[in-house]
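Me: I want the labels on this model justified one by one. Please set each value against its cut-off.

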Amino acid sequence: MTLDPVPADIEHDPAYLADEFVKNLRMHQGVSIDRATENDLYQALGITVRSLLMDNWLERLRRQLQKGPKVVAYLSAEYLLGPQLLNSMLADDLEGPMREALASLGLDLDDLVAVEPEPGLGNGGLGRLAACYIDSLATLGIPAVGYGIRYEYGIFRQAFVDGRQVEMPDKWLAGGNPWEFPHTHMTQTIGFGGHTENHVDALGQLRTEWIPDRTVIAVPYNYLVPGFRNGVVNTLRLWSAESPDEFNLEIFNAGDYENAVGQQVRASNLSKVLYPEDSTPQGKELRLSQQYFFTAASIRDFLDQTLPAGFPLTRLSERVIFQLNDTHPVIGIPELMRILVDEEQLEWDVAWAIVNKSFAYTCHTLMPEALEVWPVELMSRLLPRHMEIIYEINSRFLAEVRATFPGDDGIVERMSIISEHPHRGVRMAHLAVVGSSRVNGVAELHSQLLRDKVLVDFSTMTPEKFTNVTNGITPRRFLRVANPGLSALITEAIGPGWEIDLERLRELEPLADDAAFRAQFAEIKQVNKARLSNLLNERDGLSVDPATMFDVMVKRLHEYKRQVLKLLHTVTLYQRIKSDPNANVVPRTILFGAKAAPGYVMAKQTIELILAVARAIDEDPDVAGRLRIAFPANYNVVLAQSIVPAAELSEQISMAGKEASGTGNMKFALNGALTIGTLDGANVEIRELVEPENFFLFGLTEEQASKVQAAGYRPRNYYEMDPELHRAIDALSGGALLNGATEAGHAVIDHLMESDPFLVLADYRAYIDTQDLVDINYQDQDDWNRKAILNVARSGYFSSDRAIRDYLERIWHATEG
C-alpha cells in the first residue's frame, strides 16, 4: 500500500499545519498541548516540518535510481549545520503559514525556534563550508549526498571558569533530534587491524585478502537537505558506530557488568567526539580510525545503494565524484583500490584509472601541521592492507617522478607519499594529489601558493590537475535567516529572487547614494546591534552598548589568525584613553568569539589573557562607555546569526599567506560590515570586488612577510623602536591588566618577543595606523553607511551557489538530475 503525497497547496494551509502539529505532538511525544514541555512542542514542530519535506526526498531518490545521473558524494569530517528549523521552513516557504498555525494554538514560533539546540557536527570554517555547499547543491538541483559522522557530543561546549576555557560535553542529542532518522537496514561493516594473506586464484593470479581482527557496524542517519523552493531534497548521511557484539550476556551473568558492554563502548568511541585530542598515541589511533570508519562506510554505501545491480565499475566515474574535503577522507583512495583489486579482482592499472577519475581533492590549508601525516607504524597496524596499497601506489608514482625528473633524488624524496624524517609517515596530502583527478585551493592567493610553494613539485609535474574554486557562503542562512531586516529592505529595493541569484545585489549600488535608503540601512543595523546586546545580556550576562562601534573578531583561536594583535590594539586604545581622557577615540565594543583546541596550550593561554584584560577594562571607570571587550563563550552558528548582522568592523587580520580563504570575511561583508584586513585568503578578492576605498588594508604582503622572515626576523627590534608597542607589551607582561593571568601573559608575550612566528609585532604599527583611519571614517556615519551598502552590493560573487557552479564546471561535471 502506498500513501498519496500531500497536495502542495494544503502544505501551506495554516489549519492543516496546525492539525499535523497536534497529531505529531500526540503520536511522537505522547502529550497534549496543555501538558507539553517546550521541548515537546519543538520536537513535534520539527517532525511536522520534516514530514512535509519527506515526499520530495523520496521522489528525489526514486528519480536518481531511475535516471542514473552523476552524483556528487561530498566526504567531510564535519558539517557545521546550524539550527535546522528556520532554514527548512525558509526553503519550503513555510514560515508564514506555520507562524499562523501555531498562533491559532496559542503558541509563538519564535519561542520554539529558541529551543532548538545547535547540531554538534562541526567546529569551524571547514564544517560551515561543507554545510553551505550541500545547501547550494540542493538549491541548484544537483544530485548529491553529504557523508560524515554523527558525533554524539560534538567537539565540545566551551565554558569560561575562573577566566580559563573549560571543555564540556556538548549534549546536543539529549532532548531528541527530529531532523534525523536511522536506516538500520543499510548498515556497513567496517574492519580494523588484523593481517593480510596472499593466495593464487583459479586463474593463477596472485590475490591478497585482508582479514581484520575486529569490526564495527556503521549505522546511517539521514538528514534532509532541501533546496530553496525548488522541490529538491538531497541527503546528508552521517554514520554512528556500534559493535556487532554490543552486549555479552554470558559475561554479564558472570557478574562482570562493565566488560559485558566493553565492545560497544570501544566501538561507539568512533562517533563520540569530533577531532578527539590527538597528542597521545591513543588519540592518534582514534582519529585515524574515525577517518577510515566514515570514509569506508560512505564509499561502500554509494556502491551498494546507488549503483544498479551489475553496473560496470569501469564506468564508476560516470556516476560519482568523491569530493575529499581536506585530508580527513583521503584514506578513501586506497580503500576504493582495495575494493576494486581485492574484492572485484580488477587489474591494478584498470583499478587505478577508475580511482583517479573518481576522486577530487580540496586543500584547505597552507599550514604544514594541518597537512596530515600518519605514522607508518600506526597505519600498518590499524589498516595493514591499506598500507600495502599505499606502498604500491607510491612505488609506481615514484617511477613516474624519476622518469619525469631523471637524476633528481631530491624531488623524489620531496614528492614521495612516504616521509622518512623525522619519522616514517604517510603524507595524506601527497596521496590525495596523486590519487585525484583535480586539486583545488579555495581562494586565488591560496591556490597560487599551493601551486608555487606548498605543492610546487606536483604542480610542476601535473599542472593540469590544479585549479581554484574560491569559497562561498549560502545567502539563505546568512542573510535571509540571520538578517531579516536587511533581507526585507533588499527585497523592497530590487524585488524577490536575489536569494538564488546573489549577483543581483549589484542593483543596490545606486542606492548607496540615496539618503533615504542609507537611513533605512542604518536603522536596521542599529536594530541588529540592540538585538545582539539583549542576547549577550541574557545568554552571557555581558553588557554591551549598541551606541558604540561593534568591532568583531570571531574565528577559531590560532596564532596565525592573530587574535593577540587585536588584543594589542585594544590595550593601545586603553592606554591612550588613560593617558589623555580627552583623546579622540571612537567608543568601541570589541567582540571576540573563539574556541581553542583542547591540546593547543598557547591558544588557551591567549583566551585566558584576553579574558583577564576584559575584566581589567571592565573594572576601570576611566574607560567606561568608551572601551569594552565582550567575549561570549561557545561561539557557534546560533550566535553568529546575531553577531554577523550587528557587526560594523570585521577583523580579518591573519598573517598574509597563512589563511586559505576564510568565509567569515564574506558573511560580514554581505551583512554590511567594513573589513580591516591583510592581503590574505579571500580578503584579496573581497577588496578587489568592494573596491579599495571600502576596505581597510594594512600589513605585509605574503612576499614581504617571507622576506622579513628569511632576513632573520627579530621581533624585539619592533618593540624597542615603537613606544606604543613597548607600552602595550609591558602592560601585558605584568601589572593590573593581567588581572591574575600572570602565567598566561608571560607565556604569550615571551613567545612574541622571542619568536613571533606570525609577525604580530612587525604588523603592529601598520595595524594601529589603519585602525586610526577606521576611527576617522566611522565618525562620518553617513559615508560609513554608504561604504557598508557598497560592501553588500558587491558581495554577490561570494555566494556558495557560484562556488558550486565553479566546481561543476572545473571539476565535477555533474548536471541537474
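Reply: Start with the helix label: a helix here is a DSSP run of H or I with at least four residues, numbered from the N terminus. The model itself is predicted. Helix H3 covers residues 38-67, and Gly 68 comes right after H3 with a positive phi, near 65°.

Me: What makes H3 count as a helix in length, and how does its span compare with the expected one?

Reply: A run needs at least four residues; H3 has 30. From first C-alpha to last, H3 reaches 43 Å, close to the 44 Å expected at 1.5 Å a residue.

Me: Where does H3 bend?

Reply: At Leu 53, by about 35°. That is the angle between axes fitted to the seven residues ending there and the seven starting there.

Me: Why is Thr 280 called partly exposed?

Reply: Its relative accessibility is 34%. Buried would need under 20%, exposed over 50%. The value falls in between, so Thr 280 is partly exposed. Thr 280 sits in the loop between helix H10 (262-268) and H11.

Me: What makes the link from Thr 280 to Gly 283 a polar contact?

Reply: The side chain of Thr 280 reaches the backbone nitrogen of Gly 283 at 3.0 Å. The limit is 3.5 Å, so the pair qualifies.

Me: How do you know that Phe 397 and Phe 458 are stacked?

Reply: Their ring centres are 5.9 Å apart, with 5° between the planes. Pairing needs centres within 6.5 Å, and stacking needs planes under 30 degrees apart. Both tests are passed, so the pair is stacked. It links distant parts of the chain: Phe 397 is in helix H15 and Phe 458 in helix H19, 61 residues apart. Both residues are buried.

Me: Why are Tyr 797 and Phe 798 classed as they are as a ring pair?

Reply: Their centres lie 5.3 Å apart and their planes meet at 85°. Over 60 counts as edge-to-face, so that is the class of this pair.

Me: Buried or partly exposed: which label goes to Tyr 797, and which to Phe 798?

Reply: Tyr 797 has a relative accessible area of 22%, so it is partly exposed. Phe 798 has 2%, so it is buried. The dividing value is 20%.

Me: Which residues have the most contacts inside the largest nonpolar core?

Reply: Phe 293 and Met 379, in a core of 147 residues. Helix H11 gives the most to this core, with 9 residues. Beyond its sequence neighbours within four places, Met 379 is in contact with residues including Leu 288, Trp 374 and Val 426.

How values were computed
Residues numbered from 1 in each chain as written. Predicted model: local features only at pLDDT ≥ 70, side-chain atom pairs only at ≥ 80, totals over all residues. Heavy atoms only, no water. Core = buried A, V, L, I, M, F, W, Y, C linked by side-chain atoms within 4.5 Å. Buried < 20%, exposed > 50% of the residue type's maximum accessible area, 1.4 Å probe, protein only. Helix = DSSP H or I, 4+ residues; strand = E, 2+ residues; numbered from the N terminus. Contact = heavy atoms within 4.5 Å. Polar contact = N/O pair within 3.5 Å; in protein donor to acceptor, adjacent residues only side chain to side chain. Expected span 1.5 Å × (residues − 1). Phe/Tyr/Trp six-rings, centres within 6.5 Å; stacked < 30°, edge-to-face > 60°.
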